[in-house]
Amino acid sequence: MASNPCTFHCVPVPPHPPSSKRIFANPWGGEENGVRGPTRIFSKRRRRGGAMDGVQVKKAAEALLKWLGGEKEKRKNLLAGDEGELLYLVVSLKKPPNFKKDKPQKLQVPHPVHQYDGAEICLIVKDHKGEGHKQAKEKVAKFEKNAGVTKVLGVSKLKTKYESHEAKRQLCDSYDLFLADDRVIRVLPSLLGKSFFKKKKQPIPVRLAAGKWDKAIKKACQGTYVFWSGGNCLNIKVARSSHTAEEVAENITTGVENLAKILPGKMNDIQSLYLKSVESVSLPLYSVAPEAQK
């Protein structure tokens with residue numbers, strides 16, 4: 001059964017062995033699963049915080065992709081579509097971040113998690129009693145491939161057609177990504193319900209008032225997002241199994257660098273980092289040793 005990535009990882013990091021280097025055993029054990037023997041993560045100088053070990057990040061990406069490839073073959077390619085299965089960067093912080101729950105934080109990554117041409121996107125627009133919704137659909141239809149948008153949904157219809165919990169749950173499951181006019185973001189949490197927050201699918205704000213809808217939508221698809229619902233743990237969609245190990249590693253490195261920029265204490269606020277898929281075990285990438293904590 002798939003585990004919730006956040007609840008699975010927010011546990012104390014076990015104490016390291018008394019040596020000059022910190023050692024983690026290979027989570028899948030054995031050469032055949034992608035990593036030979038124990039995996040060295042931190043030298044003494046890295047225990048005091050700072051940059052991740054790029055070599056370890058790439059090894060973790062290679063091991064996870066190899067494992068996912070084996071699982072996909074076992075399940076006769078039923079795990080994911082062309083985009084591949086989502087990979088998550090699980091971040092444990094020393095203290096809760098100062099993010100707003102209704103405003104996702106964008107992290108730019110070099111390799112998009114959601115393909116502009118392949119994702120199922122729902123765009124929520126501002127309207128009044130249906131007026132504005134039709135114009136929005138006509139505007140989207142003028143762009144090449146509808147600017148990647150599968151459905152245009154007005155706030156008024158969201159209020160009337162999706163009142164029940166089941167209707168909201170079905171809406172949440174129907175699309176890969178939800179975008180919304182930034183002018184209506186604040187009213188959406190009460191209209192969408194808990195399913196969107198549990199599945200980290202809160203709508204991404206886009207500036208439609210500026211007029212360049214296609215560019216705003218494409219830009220929104222090119223990043224990944226931090227959704228915070230409370231606590232010290234963050235689950236960030238960082239890559240897909242269709243990416244190469246190098247691309248996964250680059251997304252992790254760039255994503256962590258950009259995450260550190262929006263944290264008050266920068267990299268010092270991060271306790272540990274893990275890489276996982278929905279059903280895999282966690283691969284450790286970075287951790288602050290106990291003696292480095294204040």
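A salt bridge here is a side-chain nitrogen of Lys or Arg within 4 Å of a carboxyl oxygen of Asp or Glu. Keep that cut-off handy for the exercises below, and remember that this is a predicted model.

**Exercise 1. A bridge between two helices**

Task: Work out whether Lys58 and Glu246 make a salt bridge, and say which parts of the chain they tie together.

Solution:
- Start with the distance: the closest N and O atoms of Lys58 and Glu246 are 3.1 Å apart. The cut-off is 4 Å, so this pair forms a salt bridge.
- Next, place the partners. Lys58 sits in helix α2 (residues 54-74) and Glu246 in helix α9, so the contact ties together parts 188 residues apart in sequence.
- Now check the exposure. Lys58 has 31% relative accessibility and counts as partly exposed. Glu246, at 40%, is partly exposed as well.

**Exercise 2. The helix on the other end**

Task: Check whether the span of helix α9 agrees with its number of residues, then find which of its residues are buried.

Solution:
- Helix α9 covers residues 245-262, which makes 18 residues.
- The expected span is 1.5 Å times one less than the number of residues, and for α9 that comes to 26 Å.
- The end C-alpha atoms of α9 are 26 Å apart, so the two values agree.
- As for burial, the buried residues of α9 are Ala245, Val248, Ala249, Asn251, Ile252, Gly255, Val256, Asn258, Leu259 and Ala260.

**Exercise 3. From pairs to a network**

Task: The structure holds 5 salt bridges; trace how Glu166, Arg169, Asp173 and Lys199 are joined by some of them.

Solution:
- Begin with Glu166 and Arg169, whose closest N and O atoms are 2.5 Å apart in a salt bridge.
- These two are 3 residues apart in helix α5 (residues 165-174), so about one helical turn separates them.
- That spacing makes sense: an α-helix has 3.6 residues a turn, so residues three or four places apart point the same way.
- Glu166 is partly exposed at 36% relative accessible area, and Arg169 is partly exposed at 30%.
- Move on to Asp173 and Lys199, which meet in a salt bridge at 2.4 Å, N to O.
- This pair links distant parts of the chain: Asp173 is in helix α5, while Lys199 is in the loop between α7 and β8 (204-206), 26 residues away.
- Asp173 is partly exposed, with 39% relative accessible area, and Lys199 is too, with 38%.
- Put it together: salt bridges with shared partners join Glu166, Arg169, Asp173 and Lys199 into one network.

**Exercise 4. A lysine without a partner**

Task: Find what Lys276 has around it, given that it is buried yet has no salt bridge.

Solution:
- Lys276 belongs to strand β11 (residues 270-277).
- The nearest side chain of opposite charge is Glu85, 8.1 Å away. With a cut-off of 4 Å, Glu85 doesn't qualify, so Lys276 has no salt bridge.
- There is a polar atom to look at, though: the backbone oxygen of Val278 lies 3.3 Å from a polar atom of the Lys276 side chain.

**Exercise 5. Sorting out the rings**

Task: Classify the 2 aromatic pairs in the structure and say which residues they link.

Solution:
- Take Tyr175 and Phe178 to start: their centres are 5.8 Å apart, with 80 degrees between the planes. Planes over 60 degrees apart count as edge-to-face, and that is what this pair is.
- Both Tyr175 and Phe178 are buried.
- Then take Phe178 and Phe196. Their centres are 4.9 Å apart and their planes are at 70 degrees, so this pair is edge-to-face too.
- Phe178 is in strand β7 (residues 177-181) and Phe196 in helix α7 (residues 194-198), so to speak of distant parts of the chain is fair: they are 18 residues apart.
- Phe178 has a relative accessible area of 1%, and Phe196 is buried at 0%.
- Tyr175, Phe178 and Phe196 end up as a cluster linked by ring pairs.

**Exercise 6. A covered strand**

Task: Describe how strand β10 (residues 233-240) is covered and how it pairs with β3.

Solution:
- In β10, 8 of 8 residues are buried, so call the strand mostly covered.
- Strand β3 (residues 86-93) runs antiparallel to β10, and 7 bridges join them.
- For one point on this pairing, Leu87 stands opposite Ala239 in β10.

Methods: Residues numbered from 1 in each chain as written. Heavy atoms only, no water. Helix = DSSP H or I, 4+ residues; strand = E, 2+ residues; numbered from the N terminus. Buried < 20%, exposed > 50% of the residue type's maximum accessible area, 1.4 Å probe, protein only. Lys, Arg positive; Asp, Glu negative; His and termini not counted. Polar contact = N/O pair within 3.5 Å; in protein donor to acceptor, adjacent residues only side chain to side chain. Phe/Tyr/Trp six-rings, centres within 6.5 Å; stacked < 30°, edge-to-face > 60°. Pairing = 2+ DSSP bridges.
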